[in-house]
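Biologist: Could you take me through this structure slowly, giving the reason behind each term that you use?

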Amino acid sequence: MIYFISDLHGDRNIDAFNDYVKNAKEDDLLIILGDIELHFRDTDENREFSKYFEELPCKIALVDGNHENFDYLYSFPEEEWCGGRIHRISEKFIHLMRGYIFEIEGYTFLTMGGCKSSQKWFDWGLRWEQEELTEDEIIRAYRNLKEHENKVDYVLTHKYRIEDPKANPLSQNGFMNFVDNCVEYKHWYSGHWHKTKYLDDKHTVVYRTLTPLAGDVVLRTNDVACGK
Ligand SMILES: [Fe+2]
């Protein structure tokens, strides 16, 4: 079973995440849609969180967000995994690199992490230049999509928002426009906005609610979060 969660931000007290860790089965995979904040802040709390996270016994994959220590993520060896490329951080924990299409449990997933932080993060010195998508990563995604005839089952990004319908196709916005309009996909999962929200039949924003991927059935996670 595949689950999503997002934006842990170095917080050890997230019930849905702790429930997953406690109950995960051998075959389960949790995909975090960005902003873990591993080795991100120079605080004892962040060091403790990072150590705890790296020693977890369950399978976890990361689509990077903007609040990541990219020097740390990119320091691990790259390898092929399920049709794409990853950084293997430990036996159980991997980083799904940008612009690849992975085949997991019979479904294809396009992954495109990254996002630009707002000015305050620059001012605080908590910003890595690798947070923004490069043209090479976007070109890689176009190439891999073309090989799949612009068809995937799921799209996974940190942020989803269509801001400028005429954006340069080699920018993050332009790429998102292309995916939304020219790629055939079942559903798009993203994080970043710190809310759990089922936007429409094609888009779900994930936060700290454990959101299962149930094949062709898209669960309306905001209904779950609202207790309806
Ligand atoms: Fe974010």
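Modeller: What follows is a conversation about a predicted model, going from its metal site to its sheet.

Biologist: What makes D35, N66, H158 and H192 donors of the iron ion?

Modeller: The cut-off is that a donor is an N, O or S atom within 2.8 Å of the metal. The atoms concerned are OD of D35, OD1 of N66, NE2 of H158 and ND1 of H192, and they lie 2.1 to 2.4 Å from the iron ion, so they count as donors under that cut-off.

Biologist: Why is the arrangement of the four donor atoms around the iron ion called irregular?

Modeller: For four donors to count as tetrahedral, all angles must lie between 85 and 135 degrees. Here the donor atoms subtend angles of 83 to 158°, which is why the arrangement is called irregular. It helps to keep in mind that water is not among the atoms, so sites may look incomplete.

Biologist: Why can one say that the pair D35 and H192 ties together parts that are apart in sequence?

Modeller: D35 belongs to the loop between β2 (29–32) and α2 (44–54), whereas H192 belongs to the loop between β10 (187–190) and β11 (197–200), so the pair links parts that are 157 residues apart in sequence. Both D35 and H192 are buried, a word that is used when the relative accessible area is under 20%.

Biologist: Which strands are the edge strands of the sheet, and what makes them so?

Modeller: The open sheet has seven strands in the order β4-β5-β6-β3-β2-β1-β13, with mixed pairing. Its edge strands are β4 (78–81) and β13 (211–213), as each of them pairs on one side only.

Biologist: How do you know that β1 pairs with β13 and with β2?

Modeller: Pairing requires at least two bridges between two strands. Strand β1 (residues 2–5) is joined to β13 by three bridges, and these two run antiparallel, while four bridges join β1 to β2, and those two run parallel; both pairs therefore satisfy the requirement. F4 illustrates both contacts, for its bridge partner in β13 is T211, and in β2 it stands opposite I31.

Biologist: What makes it right to say that both faces of β2 are covered?

Modeller: In a regular strand, side chains alternate between the two faces of the sheet. In β2, L29 and I31 are on one side and L30 and I32 on the other, and all of them are buried.

How values were computed: Residues are numbered from 1 along each chain as its sequence is written. This is a predicted model: local features need pLDDT of at least 70, side-chain atom pairs count only at pLDDT 80 or more; totals for chains, interfaces and linings use all residues. Side-chain values use heavy atoms; hydrogens and water are left out. Donors are N, O and S atoms within 2.8 Å of the metal (3.2 Å for Na, K and Ca); water is not among the atoms, so sites may look incomplete. Four donors count as tetrahedral if all angles lie between 85 and 135 degrees; four count as square planar and six as octahedral if opposite donors are over 155 degrees apart and all others between 65 and 115; anything else is irregular. Buried means under 20% relative accessible area, exposed over 50%, partly exposed in between (1.4 Å probe, protein chains only).
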